[in-house]
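Trainee: Before we rely on any label in an annotation, I would like to test the labels against the criteria behind them. Could we go through the structure in that way?

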Amino acid sequence: MIDLYDVTIIGGGPAGLYTAFYSGMRSLKTKLIEARNDLGGVVTHFYPEKTIYDLGGIPGIKGEALVSQLQTQAETFQPRIVKNQTIARMEKQTDGTFKLTSTNGDLHYTRRIILAVGSGTFEVNKLQLEEAADYEETSLFYAVRHPQQFTGKNVVISGGGNGALDWAAELAPICKQVTVVYRGEKFTHALEHNIERMNQYAVQVNFACEVTGLSGENGQLRRITVRDAADQTQQIEADALIVNHGFQFGLGELEQWGMAIENNGILVDQRMETSIKGIFAIGNAALYPQKLYLIAAGFVEGPTAVNSVKHDLDPDAPSQAMVSTHHHFFTEKA
Ligand SMILES: Cc1cc2nc3c(=O)[nH]c(=O)nc-3n(C[C@H](O)[C@H](O)[C@H](O)COP(=O)(O)OP(=O)(O)OC[C@H]3O[C@@H](n4cnc5c(N)ncnc54)[C@H](O)[C@@H]3O)c2cc1C
């Protein structure tokens, strides 16, 4: 038997999570589907340990703490949350509902779709060395989740963008030595501010170099081989290697759905509806004039999309949810 949802939110980043909460405020039967095995989108993956300062009313909160709170809030009205599923295909049925198919073949049925997919699924650019897999997540990392684990260690950072220099500055005060290995002749992809910040510390920078070999035992790195432009190699003592070579983002098969898309952004109108009726887009996925790429933007766009869905499904319903201070769910709990 088909289990039909009122709304299916695709993407479990900040925008998707908050929208799942608001959808509950509107009593919509809600499902959220996330491609990865954890929630929080780019916050979880790229900056869980960073402090976010530009959310209204929250002077500062660590990325992972924000995600944890968003998750708790999202679960308020017990939506169905599905992880580890990438939605690939969409078919509009003759009755106006949608059938979604994930890359593992699972099917999802829904009356409306809200795309909260950010810039799409993302994969880090991995170090192209055969032995890299032997050290991954033991002493080779593609993201810094727990800076304290590097205390007193020799750390090599491969990369020369903002992410790499940011981590160099962050780790330098607690590490024995931080060395940056960068294939460029100078930092051209990093903000002046990040370069200055890193230069406050005794960080060793090897320009025009790349990592060509790793050695150690049982997953523990001991040395890294680095080759320079003149083909000279040198060994650097290292307890850990952090690789920051950028990421691959992409909407993947969503691009074939037929929605109007510009520069990887899905065009929406004031209702947050895409060019396909019944499909909405919010958060970093949505594009419209004056678009703001901030977490807070998704917190407004999500409810706008949900209210549009509610109106479509029940034209007599109020145009927005009862404010939470007067919402029966919370007042009855108090
Ligand atoms: C380093 C860095 C620092 C930042 N700092 C700040 C800051 O201080 N303040 C601020 O406001 N913003 C900041 N941002 C921006 C902020 O992180 C984004 O605006 C926000 O994460 C967008 O949320 P989202 O939910 O729209 O998308 P995302 O966070 O990108 O989440 C999208 C989710 O959708 C999933 N997904 C994608 N495609 C599919 C699919 N086909 N099927 C299922 N799931 C799918 C992805 O796996 C992902 O989990 C920062 C960004 C970066 C990279």
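What follows is a conversation that sets computed values beside the criteria that name them.

Mentor: Keep in mind throughout that this is a predicted model, and begin with strand β1, residues 4–10.

Trainee: What makes β1 mostly covered?

Mentor: The criterion for a buried residue is a relative accessible area under 20%, and six of the seven residues in β1 are buried, so the strand is described as mostly covered.

Trainee: How do you know that β1 pairs with strand β8, residues 107–115, and in which sense do they pair?

Mentor: Pairing requires at least two bridges between the strands; β1 and β8 have six bridges, in the parallel sense, so the criterion is met. Within that pairing, I9 stands opposite I114 of β8. Strand β2, residues 30–33, also pairs with β1, here over four bridges and again in the parallel sense, and I9 stands opposite L32 in β2.

Trainee: Which helix belongs with β1 and β2 in a β-α-β unit, and what is the hand of that unit?

Mentor: The helix is α1, residues 14–25, and the unit that β1, α1 and β2 make is right-handed.

Trainee: Why is α1 called oblique to helix α7, residues 295–313?

Mentor: The two helices pack at an angle of about 40°, with their axes 8 Å apart. Angles under 35 degrees count as roughly parallel and 65 to 115 as roughly perpendicular, and about 40° belongs to neither range, which makes α1 oblique to α7. The crossing of α1 past α7 is right-handed, and the residues that meet there include Y18 and Y22 from α1 together with F299 and P303 from α7.

Trainee: Why, then, are α1 and helix α3, residues 63–74, given another description?

Mentor: Their axes cross at roughly 30° and come within 7 Å; that angle is under the 35 degrees limit, and therefore α1 and α3 count as roughly parallel to each other. The crossing in this case is left-handed, with L17, Y18 and F21 among the residues of α1 that meet α3, where L70 and A74 are among the partners.

Trainee: Turning to strands β14, residues 209–217, and β15, residues 220–228, how do you know that they pair?

Mentor: They share eight bridges in the antiparallel sense, while at least two are required, so they count as paired. One opposing couple is E210 and R227 of β15, and in the hairpin, which has two residues between its strands, N218 takes a positive phi near 50°.

Trainee: What makes V226 and R227 contacts of Q232?

Mentor: Contact means heavy atoms within 4.5 Å, and, once neighbours within four places in sequence are set aside, Q232 is in contact with V226 and R227. Q232 lies in the loop between β15 and β16, and its C-alpha atom is separated by 58 Å from that of P303, which is 71 residues apart from it along the chain.

Trainee: Finally, why are β19 and β22 called edge strands?

Mentor: The open sheet has the order β19-β20-β22 with mixed pairing, and β19 (261–262) and β22 (286–287) each pair on one side only. Strand β20, residues 265–267, is joined to β22 by two bridges in a parallel arrangement, which satisfies the requirement of at least two, and the partner of I266 in β22 is A286.

Conventions
Residues numbered from 1 in each chain as written. Predicted model: local features only at pLDDT ≥ 70, side-chain atom pairs only at ≥ 80, totals over all residues. Heavy atoms only, no water. Buried < 20%, exposed > 50% of the residue type's maximum accessible area, 1.4 Å probe, protein only. Right-handed = clockwise from strand over helix to strand, strands pointing away. Axes fitted to C-alpha atoms, helices over the stretch in contact; angles between N-to-C directions. Parallel < 35°, antiparallel > 145°, perpendicular 65-115°, else oblique. Left-handed = near helix turned anticlockwise from the far one by under 90°.
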